[in-house]
Structures are given as structure tokens and as C-alpha cells.
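This report goes through one protein chain, from a single residue outward to the cavities, the cores and the overall layout.

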Amino acid sequence: MMRKLFLAAMLTVTTFAFSQGELFGTIGITKFSEKDNGQKFDGHKGTISGKLGFTFWIPFEDARFSINPGITYGSMGTKFKDGNDDTTITLGYVSVPVDFVYKIKPIGSTFFFSAGGYYGYLASAETQDAELKINDGDYSYKTSDYGVNAGAGYFFDNGLTLRLTYTQGLANIMNYPSGLNDSHIKNSNIGLSIGYILFKKRI
């Protein structure tokens, strides 16, 4: 799985000659959505997440439209009550997002909108007290995650970008025992990204 992720990252890097490159950071709120044996669990609360990444703006012939492949490292997770104490779960993912972007104007400062998907590889899983199991039997976290992204933002002519993003996982990230077919845990995140165009090629 890591080999596939590496190949995807290398493919992203080869697009350098045809695109603008953006370094960005995101701070947001993340939490799980969970159904346990058919019953929705409403005890999850948001916890702060962070992400660092690099993405490319690859234009189509009409420069208002572009595709944004990239690679990121960041956290997903949740917070919930465990007895009298709060437990925070933090999952660290290496992810490859691919978004399609529409800019109101092809050049200069302008608003833009984005939508797409991502694949994530789980690199770490922990609470504030202990490490958690990854792909190690029942009730361990799966290594793979995937889902959809949506966002809207502003592209400044000086290279700065601001973007509000929403990410919803579609994959069940928990290994449940056989027989618990109507159970799942899925990631979700809302965040604000600040980026800067490092290679300012006109598109």
C-alpha cells in the first residue's frame, strides 16, 4: 500500500513543469461519525486537527478550470467521554487528495471552488495515554481511508491562497468482529487552509 502511495506522490511531483506549486497548512475541527450495531453514537465531539501539504495547480485549456493533485500529512480523530474523563483519539494520515477547481477569473485575484476526493494511509493511531492498534485484529484501525472533499476560497495575485474545506470519509476505518455488519466509524473534518504559491507560473 505504501508503494502505491509513493508512486502516486512521484506522479504528482512530475507535474511540476506544467503547473504552479502550492505549499499550505490547515487547521480545523475533526470528529468521527459512528454507528454501533445499527445504533448511531452521538457522543463524538470535535477536536483540533492540523495538516501540512503540497499541491499543484494544473490548468486545462480554459485556465479557469484546473486539477489539484497533492500530498499531505495531517490528523483526523475525535473526542468523547470515557466515564468521567475525556478521551481524544488522534489518527495520523499520509494522504493523496485530487480536487477539481473552478476559478471565477482565469488570472489575477479571484474566488474559486473545489471538489474531489482523497486516499489516506494511516501512519499512527493514539490517544493521549497510549498507542492504538492498526490492522491488528478486531477493534483495530484500518490502514486505508478514502472520501470526498469540497471547498471554496480566494486566490490572491501575490500568491497567497485562503480556502475553507470540508472532508467526509466514506470508508469504515474500524475492523469490527464478524457479524457486526451494521457498524462503522468514518472520518470528517472542516478546516481553514492558508497556502502560498511557490512557483508562480502564469496559468
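## Surroundings of S66

Beyond its neighbours within four places in sequence, S66 is in contact with W57, I58, P59, F60, D99, F100 and V101. The model is a predicted one. S66 itself sits in strand β4, which covers residues 65–82. Two of these partners, W57 and P59, can be placed by the range of strand β3, residues 47–59.

Is S66 buried or exposed? S66 has a relative accessibility of 1%, and buried means under 20%, so S66 counts as buried. The side chain of S66 also makes a polar contact, at 3.5 Å, with the side chain of N68.

## The largest cavity

How many cavities of 30 Å³ or more does a search of the whole structure find? The search finds 2. The largest has a volume of about 390 Å³. Its lining is made up of 25 residues, and those nearest the centre of the cavity are F24, K51, T72, P97 and N149.

Several strands give two or more residues to the lining of this largest cavity: β1 (20–36), β3 (47–59), β4, β5 (85–103), β6 (110–127), β8 (144–155) and β9 (160–169). Strand β4, which also holds S66, gives the most to this lining, with 5 residues. By class, the lining of the largest cavity has 14 polar, 6 nonpolar and 5 charged residues.

## The second largest cavity

The second largest cavity holds about 40 Å³ of space. Its lining consists of T26, S49, G50, K51, S75, M76 and N189. K51 is also one of the residues nearest the centre of the largest cavity.

Which strands each supply at least two residues of the lining of the second largest cavity? They are β3 and β4. The largest share comes from β3, with 3 residues. The classes in this lining are 5 polar, 1 nonpolar and 1 charged.

## Nonpolar cores

In soluble globular proteins, nonpolar side chains tend to be buried together. In this model, the largest nonpolar core has 13 residues, and F32, L91, Y141 and I173 are those with the most contacts inside it. Strands β4, β5 and β6 give two or more residues to this core. Of the elements, β5 gives the most, with 3 residues.

F32 shows what surrounds one of these core residues. Leaving out neighbours within four places in sequence, F32 is in contact with L91, Y141 and I173, and its other contacts are H44, G77, T78, I89, I185, K186 and N187. Apart from the largest core lies another core, of 5 residues, including W57, F112, F155 and I197. W57 is also among the contacts of S66.

## The largest pocket

The largest pocket contains about 200 Å³ of space. It is lined by 14 residues, and the closest to its centre are F80, I89, Y141, M174 and I185. Strands β1 and β7 are the elements that give two or more residues to this lining. Its residues divide into 9 nonpolar, 3 polar and 2 charged.

Residues of the pocket recur elsewhere in the model. Y141 is among the residues with the most contacts inside the largest nonpolar core, and F32 is in contact with I89, Y141 and I185.

## The loop around I134

I134 lies in the loop between β6 and β7, the latter covering residues 140–141. Its relative accessible area is 27%, and because this falls between the 20% limit for buried and the 50% limit for exposed, I134 is partly exposed.

Not counting residues up to four places away in sequence, I134 touches L122, A123, S124, A125, S140, Y141 and T143. One of these, A123, is 11 residues from I134 along the chain, and their C-alpha atoms are separated by 8.7 Å. Another, Y141, also belongs to the largest nonpolar core.

## The chain as a whole

The chain contains 1 helix and 11 strands. In order from the N terminus, the elements run α-β-β-β-β-β-β-β-β-β-β-β.

What percentage of the 203 residues of the chain count as buried? The share is 43%. Among contacts with a separation of 6 or more, 66% are between residues 24 or more positions apart.

Key:
Residues are numbered from 1 along each chain as its sequence is written. This is a predicted model: local features need pLDDT of at least 70, side-chain atom pairs count only at pLDDT 80 or more; totals for chains, interfaces and linings use all residues. Side-chain values use heavy atoms; hydrogens and water are left out. Helices (H or I, at least four residues) and strands (E, at least two) are DSSP runs, numbered from the N terminus. Buried means under 20% relative accessible area, exposed over 50%, partly exposed in between (1.4 Å probe, protein chains only). A polar contact is a pair of N or O atoms within 3.5 Å; within protein, one must be able to donate a hydrogen and the other to accept it, and residues adjacent in sequence count only if both atoms are side-chain atoms. Contact means heavy atoms within 4.5 Å. On a 1 Å grid over the protein atoms alone, a cavity is a set of points where a 1.4 Å probe fits but cannot get out, and a pocket is an open set with protein on both sides within 12 Å along at least five of seven lines; lining residues have an atom within 4 Å of a point. Grid points are joined across faces, edges and corners, and a volume is the space filled by probe spheres set on the points. Ala, Val, Leu, Ile, Met, Phe, Trp, Tyr, Cys and Pro count as nonpolar, Asp, Glu, Lys and Arg as charged, and the others, Gly among them, as polar. A nonpolar core is a set of buried Ala, Val, Leu, Ile, Met, Phe, Trp, Tyr and Cys residues joined through side-chain atoms within 4.5 Å.
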